[in-house]
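Reader: I am new to this structure. Please show it to me, and then let me ask about the labels.

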Amino acid sequence: DPLLDLVGSDDVLLQLNALNLIPLVAVTDSGFELLVQSNVVNRLCEMAGISEHGSGPSPFLGDYSLKIMSQLSARALGTSLSEGVTNQKLADKFLQIVSSRIGHCIESRDPTEGATLLLALGFFVGAQPAESIREILLDSRAELVQNWMHLCNMTGEKFQIAGLESLAKALRGGSVVSNHSEYHGTDDLDKLQASLSVQKYGKITGNSRKKAAELGRELVVLYGRAYGLLRSDSGKNDSIGILFDLVRVPIDDIRCAAYSVLRMIAGQDAEWALSSLFAHPETTAVLFDRSLEMSKAAKEWRFSVMEAIRSNPHCANLGKAITEKIDNFLKKGPFAGPPGRAVAAAVKMEVR
């Protein structure tokens with residue numbers, strides 16, 4: 001197998017180029033089946049962190065191999081393979097790697113390792129049918145789920161950002177909006193999901209999206225519980241309140257990551273999403289107050305949250321007054337200042 005020879009090469013650059021070919025081969029059913037049946041997957045497992053010799057992940061390509069494994073695993077559960085090739089086997093291998101590495105990461109507190117694991121796991125969960133995730137993750141790997149949420153909420157800027165991005169990716173299956181807003185480009189994993197899941201296998205059906213949205217509710221609750229356990233002095237375990245606190249943090253990457261989660265929650269195709277957002281007493285202050293000082297990117301992310309709310313099929317349940325308030329906010333665009341600022345500026349210019 002030429003591809004296997006390239007993946008097993010001693011030349012790191014050659015290996016990297018070979019790894020980039022694997023998702024392209026996986027686009028066709030026959031190519032994907034060939035990869036699963038060959039030793040390429042076993043080689044990826046070794047490089048990503050599972051080895052009979054216990055050597056751990058490859059220092060140069062271990063994280064990238066894990067990323068490729070998450071892509072192939074996401075592809076697996078949406079594909080019908082021939083007899084003797086089980087879709088779940090590949091997903092099990094991926095989860096075995098993550099389980100093995102995530103426990104060590106919690107002890108080592110390595111933020112780079114943590115970000116890699118969180119983003120790969122978030123992508124994997126968000127790309128699967130809700131029934132599959134319940135069967136292979138929530139119902140049978142409680143410790144992994146617990147460690148995932150623990151890692152999401154560990155102290156440290158990199159952990160917080162990666163944890164929020166992981167949760168946002170995991171919620172994409174139940175959302176009526178994509179994982180990225182029009183203001184921010186897609187990443188490699190988003191492009192891969194679009195090419196494999198949507199173009200080849202058709203758009204997500206309303207029924208499957210609703211099931212994923214109910215699963216999303218559980219993930220949001222678990223995130224809040226983990227936050228409360230790790231920060232018992234805060235007294236908080238309400239996920240929406242936690243996210244509202246995070247958008248006030250004066251670190252732009254954390255603020256934008258929190259808005260990305262709020263956007264995915266706002267887009268969930270279920271009544272719980274908007275009802276939980278607008279039941280919170282701080283919703284108006286966080287989402288509608290234009291006097292809050294924030295960067296251009298944060299304003300764009302907040303605006304995309306409002307767009308997601310308006311795109312939600314359950315938006316009408318909020319009532320006429322709130323929907324008109326949202327429409328008025330959207331008409332003014334993401335960068336409009338608070339009421340009175342324009343008049344104050346004009347007066348200031350006249351005085352000069």
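Author: What follows is a set of short questions and answers on how the labels are earned.

Reader: What kind of model is this, and how are residues numbered?

Author: This is a predicted model, where local features need pLDDT of at least 70, side-chain atom pairs count only at pLDDT 80 or more, and totals for chains, interfaces and linings use all residues. Residues are numbered from 1 along each chain as its sequence is written, and side-chain values use heavy atoms, with hydrogens and water left out.

Reader: How many helices and strands are there?

Author: The chain has 19 helices and 0 strands. Helices (H or I, at least four residues) and strands (E, at least two) are DSSP runs, numbered from the N terminus.

Reader: What does pLDDT say about the chain?

Author: pLDDT is the predictor's confidence in each residue, from 0 to 100. The chain averages 82, and 81% of the residues score at least 70. Among its elements, helix α18 (residues 320-331) has the highest mean, 96. Helix α19 (residues 341-351) has the lowest, 43. Over residues 342-352 the pLDDT is below 50, and this stretch has 0 contacts in the model beyond near neighbours in sequence. Contact means heavy atoms within 4.5 Å. Residues 193-203 also stay under 50 in pLDDT. For them the model has 21 contacts beyond four places in sequence. Where pLDDT is low, the predicted coordinates should not be read in detail.

Reader: Why is S166 called buried?

Author: Buried means under 20% relative accessible area, exposed over 50%, and partly exposed in between (1.4 Å probe, protein chains only). S166 has a relative accessible area of 0%, so S166 is buried. This residue is found in helix α10 (residues 157-170). Leaving out residues up to four places away in sequence, S166 touches L118, L119, G122, W148 and C152. Across the chain of 352 residues, 49% count as buried.

Reader: What makes a group of residues a nonpolar core?

Author: A nonpolar core is a set of buried Ala, Val, Leu, Ile, Met, Phe, Trp, Tyr and Cys residues joined through side-chain atoms within 4.5 Å. The largest one here has 100 residues. Those with the most contacts inside it are I22, W148, I265 and I309. Its largest share, 10 residues, comes from helix α14 (residues 252-266). Setting aside neighbours within four places in sequence, I22 is in contact with L3, V7, L35, V40, L44, I68 and L72.

Reader: How many disulfides are there?

Author: The count is 0. A disulfide is a pair of cysteine sulfur atoms within 2.5 Å. Two of the cysteines can still be placed by their cover: C45 is buried at 5% relative accessible area, and C152 is buried at 2%.

Reader: Why is the pair R101 and D63 called a salt bridge?

Author: A salt bridge is a side-chain nitrogen of Lys or Arg within 4 Å of a carboxyl oxygen of Asp or Glu. The closest N and O atoms of R101 and D63 are 2.6 Å apart, so the pair meets the definition. The pair links distant parts of the chain: R101 is in helix α6 (residues 87-108), D63 is in helix α5 (residues 62-76), and they are 38 residues apart. R101 is buried at 4%, whereas D63 is partly exposed at 30%. D63, R101 and E113 are linked in a network of salt bridges. In total, the count comes to 13 salt bridges.

Reader: How do you know that K296 and E300 are about one helical turn apart?

Author: They are 4 residues apart in helix α17 (residues 296-311), so about one helical turn separates them. Their side chains form a salt bridge at 2.5 Å, N to O. K296 has 53% relative accessibility, so K296 counts as exposed. E300 is buried, with 8%.

Reader: What makes the phi of R109 worth a look?

Author: Most residues other than glycine have a negative phi. R109 is a residue other than glycine, and its phi is positive, near 60 degrees. R109 sits in the loop between α6 and α7 (111-126). At 42% relative accessibility, R109 counts as partly exposed.
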